[in-house]
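Colleague: I've got a new model open and I'd like to learn how to read it properly. Can you walk me through it, feature by feature?

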Amino acid sequence: MRQQFFLGDSSISELLPVLRRYAPERIFLVRGKKSYVTCGAAAVMNEVCGSVTEFYDFEENPKIEDVRKGLSLLVSSNSSLIVGIGGGSVLDMSKLLRFFYSYSGEATGCKFLKEKELLPLIALPTTAGTGSEATHFSVLYKDKIKYSVEHTDILPDVAIVYPPFTYNNPKYLTACTGFDALAQGIESYWNVNATEESDEYAKRAIQLLWPNLPVAVNAPTKQARDKVSYWAGRAINITKTTAPHAFSYPFTTYYGYPHGHAVALTFPFFMQYNCMVRNSKLQCSLNVDAYNEKIKILCDLLSFSFMTTYGDMVKYIMKLGLSLKKVGEPFNLELILSSINMDRLSNNPRIFSPEDVVSLIHSINSNES
């Protein structure tokens, strides 16, 4: 399935023509709670929409119970189109509802049966970075365990990426979602599944985000805010993510870190780890010389010294205001180990050993940043 997408200040003008094309009798709107009004989306939707059923009574990081509740409301609403407006959790919820409206099967499994036609789905992100509007997978939590539901029919039909929806986001949210996007671009580039196409998307995302994200966080300008990285989502839609994302989920589930901050906790470690590869440690199809050439290009994009990647990444993350210092009790090694997403870890270019896990947890438990 190919997605139609519109980017930039003029993109919102495409919403009404898209709605007219689908001619829905009733719209099912999946949205954030307060953010829907504060970002300006409510005013836009009130101008262009007629009959609407709204769903916003769910927690961040979609829970299976909330998906079931939303499905019940969707079925009873007799809607013929879904619109998702919000951050990553809202868009993931809209994608899950569209998919499980038409497909049967265990939500945490991998076998699904299509029983009725899909409802069209339009996605409008209100945060700059999760990439959910551009991917064919969604995050779902069951009993505090994170699952990734993956299918081509999860990808929204239309993505409208309108930067002004992000202008009023607070500093910390901008830092978290923006770093998530930057991490997606970097992880896609060093990924075992990388292709020429994904590399181009990844490099485009990195070039947009790397210089502009600190500005958007600390001294926001329209120009910096407009560097919304749809392209990071396009990149991981091909490759998926790697080790930093694989380790991030228990930090969110058990320690309450927002997703982007959770990814940042391990990123300096993996930046160094994946830049220091020998033949015995490489698990991707590239030979070590070709891989190291890619890493050199990546370091050039980031203006990093090859030998100081850890420290350089720590400094960058600190500029975003994302603390890397553990407050309170140290992270529990066994808890982290039991919750690693092995599918994402398998995409990492360098093989990861149990000893490496111990080193990683020690490094973030002892971080003084």
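**Reading the model**

Modeller: Sure, and keep in mind that this is a predicted model. Let's start with strand β2, residues 27-31, which is mostly covered: five of its five residues are buried.

Colleague: Which residues of β2 sit on each side?

Modeller: I27, L29 and R31 are on one side, F28 and V30 on the other, and all are buried, so both faces of β2 are covered.

Colleague: And how do I read the pairing of β2 with other strands?

Modeller: The general idea is that strands of a sheet pair through backbone hydrogen bonds, either parallel or antiparallel. Here β2 pairs with β3 (residues 52-55) in the parallel sense, over four bridges. With β4 (residues 81-86) the sense is parallel too, over five bridges. For a landmark, take L29: E54 stands opposite in β3, and V83 stands opposite in β4.

Colleague: What is the strand order of the open sheet?

Modeller: Six strands, in the order β1-β10-β7-β4-β2-β3, with parallel pairing. β1 (4-7) and β3 are at the edges; each has a single partner strand, so one side of each has no neighbour in the sheet. From one strand to the next, the twist averages 15 degrees.

Colleague: How many bridges join β7 and β10?

Modeller: Two, in the parallel sense, between β7 (residues 121-125) and β10 (residues 158-161). Look for A123, which has A159 of β10 opposite. Helix α1 (residues 15-22) lies across β1, β2, β4, β7 and β10, and runs at about 165 degrees to β7. Helix α9 (residues 230-239) packs on the sheet as well, touching β1 and β10, with its direction at about 155 degrees to that of β1.

Colleague: Helices next. What should I look for in one that packs against others?

Modeller: An α-helix has 3.6 residues a turn, so residues three or four places apart point the same way. Try that on α13 (residues 309-319), where T309, D312, M313, V314, Y316 and I317 are buried. These buried residues pack against α6 (171-189), α7 (196-218), α11 (259-275) and α12 (288-302). Just after α13 comes G321, with a positive phi of about 80 degrees.

Colleague: That one is a glycine. Which residues other than glycine have a positive phi?

Modeller: As background, most residues other than glycine have a negative phi. Two to look at here are K240, with phi near 65 degrees, and S303, with phi near 55 degrees. K240 is placed in the loop between α9 and α10 (243-253), while S303 is in the loop between α12 and α13.

Colleague: Is S303 buried or exposed?

Modeller: Exposed, because its relative accessibility of 65% is over the 50% cut-off. K240 counts as buried, since its 15% falls under the 20% cut-off.

Colleague: What about residues that are far apart in sequence but brought together in space?

Modeller: P62 is a handy case, in the loop between β3 and α4 (64-77). P62 and S138 are 76 residues apart in sequence, yet 9.0 Å apart in space, C-alpha to C-alpha. Leaving out residues up to four places away in sequence, P62 touches S89, D92, M93, L96, V139, L140 and Y141. At 1% relative accessibility, P62 counts as buried.

Colleague: How many disulfides does the structure hold?

Modeller: Zero. C275 is in no disulfide, and the nearest cysteine sulfur, that of C299, is 4.3 Å away; the cut-off for a disulfide is 2.5 Å. C275 is buried, with a relative accessible area of 0%, whereas C110 is exposed at 69%.

Colleague: Let's zoom out. What does the whole chain look like?

Modeller: It has 16 helices and 10 strands, and its C-alpha trace spans about 60 × 45 × 45 Å along the principal axes. For 369 residues, a compact globule would have a radius of gyration near 21 Å; the chain has 20 Å, which agrees. Of those 369 residues, 57% count as buried. Among contacts between residues at least 6 apart in sequence, 79% join residues at least 24 apart. The chain exposes about 15600 Å², of which carbon and sulfur atoms supply 52%.

Key
Residues are numbered from 1 along each chain as its sequence is written. This is a predicted model: local features need pLDDT of at least 70, side-chain atom pairs count only at pLDDT 80 or more; totals for chains, interfaces and linings use all residues. Side-chain values use heavy atoms; hydrogens and water are left out. Buried means under 20% relative accessible area, exposed over 50%, partly exposed in between (1.4 Å probe, protein chains only). Two strands pair if DSSP finds at least two bridges between them. Contact means heavy atoms within 4.5 Å. The radius of gyration is taken over C-alpha atoms; the globule rule is 2.2 Å times the number of residues to the power 0.38. Accessible areas come from the Shrake-Rupley method with a 1.4 Å probe; for residues, only the protein chains shown count as cover. Axes are lines fitted to C-alpha atoms, for helices over the stretch in contact, and angles run from 0 to 180 degrees between N-to-C directions.
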